[in-house]
Amino acid sequence: EELQSTANLLVKTKSALVAALDEQKAIADNEAKERVSLLGKFRNLEHECDGLKQHFDEETVSKENLSRQFMKAQGDADMWRQKFEIDGIAKAEELEMAKLKLQARLSESQGMIEQLQMKLVQLEKAKGKLTTDCSDMSVQLDQAQILNQNMEKKAKQFDRIVGEWK
């Protein structure tokens with residue numbers, strides 16, 4: 001009768017340990033899923049960050065092209081001015097028209113440069129925010145990995161305890 005009572009107690013203890021083990025396995029599985037999800041989100045943010053960097057580089061190239069156009073327009077204006085001095089007053093009206101056209105192109109180029117500079121500032125702000133978000137996600141990933149490692153250690157410890165009880 002005492003052996004039967006001990007056997008019943010061991011069966012109940014075993015059932016409780018099996019239930020606890022199953023619960024810990026479920027928790028570990030959920031944490032693994034969360035870790036995979038966080039890793040996916042991190043990869044998506046990295047991809048988005050790379051896209052923004054590429055867009056930033058494209059905008060920079062565009063700005064450089066506009067600067068070259070501006071310099072060319074300025075060089076053109078200087079050339080016309082010299083030609084005016086050489087050719088004299090006979091071509092004064094013709095050169096005046098060219099000068100007005102170049103000034104219009106110059107104003108347009110400067111307006112575009114200002115717009116692109118404003119865009120650049122916005123992109124730099126977005127880049128800063130994304131960099132912050134990336135670092136935050138990295139910290140969260142590290143925390144999730146640490147939590148996962150702790151839960152795996154606990155699961156191994158429970159397995160060992162169950163093995164010792166068997």
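A residue here counts as buried under 20% relative accessible area, as exposed over 50%, and as partly exposed in between. Take Q117 as a warm-up: its relative accessibility is 36%, so Q117 lands in the partly exposed class. Keep that scale in mind, and keep in mind too that what you are looking at is a predicted model.

Start with the overall build. The protein has two helices and zero strands. Helix α1 covers residues 2-87, and helix α2 covers 92-165. Now look at the outline: along the principal axes, the C-alpha atoms fill a box of roughly 130 × 15 × 15 Å. The radius of gyration tells a matching story, at 36 Å, where a compact globule of 166 residues would come out near 15 Å. As for the inside, 19% of the 166 residues count as buried.

How do the contacts spread along the chain? Among contacts with a separation of 6 or more, 89% are between residues 24 or more positions apart. A pair of distances from Q117, which sits in helix α2, gives a feel for this. Q117 and E59 are 58 residues apart in sequence, yet their C-alpha atoms are 9.4 Å apart in space. E59 belongs to helix α1. Go instead to V11, also placed in helix α1, and the C-alpha atoms of V11 and Q117 turn out to be separated by 75 Å, with the two positions 106 residues apart along the chain. V11 is exposed, because its relative accessible area of 51% is over the 50% cut-off.

Back to E59, since this residue is worth a stop. Setting aside neighbours within four places in sequence, E59 is in contact with L116, K119 and L123. One of those, K119, has the nearest side chain of opposite charge, but the distance is 4.3 Å. A salt bridge needs the nitrogen and the carboxyl oxygen within 4 Å, so this pair doesn't make the cut. That leaves E59 buried without a salt bridge.

Next, the greasy part. In soluble globular proteins, nonpolar side chains tend to be buried together. Here the largest nonpolar core has seven residues: L38, F42, L45, C49, C134, M137 and A144. Helices α1 and α2 are the elements that give two or more residues to this core, and α1 supplies the largest share, with four. For a closer view, pick M137: leaving out residues up to four places away in sequence, M137 touches L38, K41, F42 and L45.

Two members of that core are cysteines, C49 and C134, so which disulfides does the structure contain? A search of the whole structure finds zero. C49 is in no disulfide, and the nearest cysteine sulfur, belonging to C134, is 4.6 Å away. A disulfide calls for sulfur atoms within 2.5 Å, so that pair falls outside the limit. Seen from the other side, C134 is likewise in no disulfide, with the sulfur of C49 as its nearest at 4.6 Å. C49 is buried, given a relative accessible area of 9%, and C134 is buried as well, at 15%.

Finally, the charged pairs. Side chains of opposite charge can pair when their charged atoms come close. How many salt bridges does a search of the whole structure find? There are four, and three of them are easy to visit, including one in helix α1. R43 forms a salt bridge with E46, where the closest N and O atoms are 3.4 Å apart. The two are three residues apart in helix α1, so about one helical turn separates them. R43 is partly exposed at 47% relative accessibility, and E46 is partly exposed at 32%.

In helix α2, the side chains of D133 and K129 meet in a salt bridge at 3.1 Å, N to O. Being four residues apart, D133 and K129 are separated by about one helical turn. D133 is partly exposed, with a relative accessible area of 24%, while K129 is exposed at 53%. Further along helix α2, R160 and E164 are four residues apart, again about one helical turn. Their salt bridge has its closest N and O atoms 3.8 Å apart. R160 counts as partly exposed at 48% relative accessibility, whereas E164 is exposed, with a relative accessible area of 58%.

How values were computed: Residues numbered from 1 in each chain as written. Predicted model: local features only at pLDDT ≥ 70, side-chain atom pairs only at ≥ 80, totals over all residues. Heavy atoms only, no water. Buried < 20%, exposed > 50% of the residue type's maximum accessible area, 1.4 Å probe, protein only. Lys, Arg positive; Asp, Glu negative; His and termini not counted. Contact = heavy atoms within 4.5 Å. Core = buried A, V, L, I, M, F, W, Y, C linked by side-chain atoms within 4.5 Å. Rg over C-alpha atoms; globule rule 2.2 N^0.38 Å.
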